[in-house]
Amino acid sequence: MRSVTILGATGSVGESAFDLLMRAGGPEAWRTVALTGGRNIARLAEMAKALRAELAVTAYPELLADLRQALQGSGIAASAGAAAIDEAAARPSDWTLSAIVGAAGLAPGLQVLERGGTLALANKETLVAAGRLVMTTAERTKARILPVDSEHSAIFQLLDAESSSSVEGVTITASGGAFRDWPLEKLPFATVAEASCHPNWAMGQRITVDSASMFNKALEVIEAREFFGTEPDRIKVVIHPQSIIHAMVSFTDGSSVAHLGMPDMRHAIGYALNWPERAPLPVARLDLVALGQLTFRAPDEIRWPALRLAREVIATGGAAGAVLNAAKEQALDDFLAGRIRFTDMAAAVEHALDHAAGEAGFTQSPADLQTALAWDGLARRAAHSWKGAA
Ligand code: NAD
Ligand code: MG
């Protein structure tokens with residue numbers, strides 16, 4: 001029986017993975033080593049019971065008693081806190097999904113790689129914050145990383161069996177998010193509620209707002225650079241409002257191959273779960289005639305300065321990814337809390353990058369978790385101290 005672990009089981013990606021496991025035989029077919037979650041204790045306990053998990057972990061120590069209570073009589077062990085999530089990630093398991101949101105996913109992801117495990121990676125922040133460290137760790141331990149971000153899963157599928165020397169470039173698409181068609185002068189006044197509505201994808205709130213600001217695509221450009229090693233001038237972003245084409249790979253002979261599918265994360269998760277095979281998945285099938293048309297336009301870097309910042313971060317290298325990621329998380333917190341305006345997020349991130357550039361060691365990629373987290377802390381403080389915040 002294959003064993004699985006889901007880090008961030010109670011989130012949007014985690015729920016989709018849970019759905020796939022339950023449809024594919026549930027506890028009769030899978031041995032669930034651990035499920036981790038955050039504040040939604042009732043749901044975490046429910047999922048752990050349904051899959052008969054060996055361990056359930058909440059990120060919050062103050063909720064451990066509640067979790068124990070919810071699991072009473074089930075025989076499922078409970079633990080809490082960041083170290084307990086690391087410990088869960090370190091337990092042997094054939095397939096571990098990292099569906100935690102934010103830089104909190106970095107440490108447990110590294111635990112999976114350290115034990116030479118297979119890491120299905122939805123948590124793009126892991127690669128943005130410490131791409132070099134993550135990839136060299138995987139190389140050293142022979143761990144495998146399977147991308148779960150839909151665009152990267154698409155590229156991964158398209159590159160299968162292709163020689164890398166025949167690849168000329170990759171294109172990832174972006175829906176354009178909530179404010180694709182807003183007049184620019186309205187953007188500063190966008191509310192949290194308005195930024196939290198995605199035209200095509202149902203996702204967690206943070207990535208939804210990141211889609212409106214295009215910071216999600218900025219992270220994905222860096223993720224593609226780190227994971228596939230693609231030169232930055234060969235990674236293109238195209239606005240594609242229908243979110244049907246997820247990515248396209250172009251070859252030296254002038255042909256391009258695109259990956260299409262309805263916007264449903266169960267495809268990318270299921271692909272990683274069944275890799276290297278394909279198995280039937282419960283996702284809606286494409287009907288091109290019903291769709292009628294697919295449209296594309298160039299991304300506007302005035303509307304979305306995050307895309308320019310991503311290119312600058314790749315050109316700088318070193319700790320710039322860790323700084324961009326953490327500064328973005330802080331700026332997002334400040335926007336969600338009403339402390340700064342929507343358009344201030346990019347300004348706060350740029351301020352943090354400028355500030356960090358003056359610090360010693362900025363041009364060196366973090367060689368260990370501690371160094372990555374030190375840049376993370378510095379970036380959060382710098383972004384928060386930007387003049388618009390607090
Ligand atoms: P979400 O907010 O819905 O869920 C996040 C999960 O992480 C929850 O289980 C939560 O309890 C847990 N979590 C939150 N903070 C934590 C912490 N500090 N420590 C440990 N666990 C914590 O997020 P999501 O939308 O499912 O996204 C998860 C990841 O997948 C993100 O990195 C996101 O960028 C990426 N991703 C999501 C989608 C999507 O469709 N939602 C698509 C592609 C990539
Ligand atoms: Mg994506």
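This report describes one helix pair and several salt bridges in a predicted model.

## Two crossing helices

Two packed helices are described by the angle between their axes and the distance between the axes. In this model, helix α8 spans residues 150–159 and helix α12 spans residues 265–274. Their axes come within 9 Å and cross at roughly 50°. That angle lies neither under 35 degrees nor in the range from 65 to 115 degrees, and α8 and α12 are therefore oblique to each other. The crossing in which α8 passes α12 is left-handed.

On the side of α8, the contact is made by S150, S153, F156 and Q157, while α12 contributes M265, H267, A268 and Y271. Sorted by class, this contact of α8 with α12 holds four nonpolar residues, four polar residues and no charged ones.

## Salt bridges

Side chains of opposite charge can pair when their charged atoms come close. Across the whole structure, a search finds 23 salt bridges. Three of them are set out below with the separation of their N and O atoms.

| Salt bridge | N to O distance |
|---|---|
| R43 and E46 | 2.8 Å |
| E87 and R91 | 3.1 Å |
| E114 and R140 | 2.8 Å |

The partners R43 and E46 both belong to helix α3, which covers residues 41–50. Because they are three residues apart in that helix, about one helical turn separates them. How exposed or buried are these two residues? R43 has a relative accessibility of 19% and therefore counts as buried, since the cut-off for buried is under 20%. E46, with a relative accessible area of 46%, is partly exposed.

In the salt bridge between E87 and R91, E87 is partly exposed at 37% relative accessibility. R91 is also partly exposed, and its relative accessible area is 28%.

The third pair is formed by E114 and R140. Which parts of the chain does this pair tie together? E114 lies in helix α6 (residues 106–114) and R140 lies in helix α7 (residues 125–141), so the pair links parts that are 26 residues apart in sequence. E114 counts as partly exposed at 43% relative accessibility. R140, by contrast, has a relative accessible area of 53% and is exposed, because the cut-off for exposed is over 50%.

Salt bridges can also share partners: in this way K124, D149, E151, K217 and E220 are joined into one network.

Terms used. Residues numbered from 1 in each chain as written. Chains lettered and ligands numbered in written order. Predicted model: local features only at pLDDT ≥ 70, side-chain atom pairs only at ≥ 80, totals over all residues. Heavy atoms only, no water. Axes fitted to C-alpha atoms, helices over the stretch in contact; angles between N-to-C directions. Helix = DSSP H or I, 4+ residues; strand = E, 2+ residues; numbered from the N terminus. Parallel < 35°, antiparallel > 145°, perpendicular 65-115°, else oblique. Left-handed = near helix turned anticlockwise from the far one by under 90°. Contact = heavy atoms within 4.5 Å. Nonpolar A, V, L, I, M, F, W, Y, C, P; charged D, E, K, R; others polar. Salt bridge = Lys/Arg side-chain N within 4 Å of Asp/Glu carboxyl O. Buried < 20%, exposed > 50% of the residue type's maximum accessible area, 1.4 Å probe, protein only.
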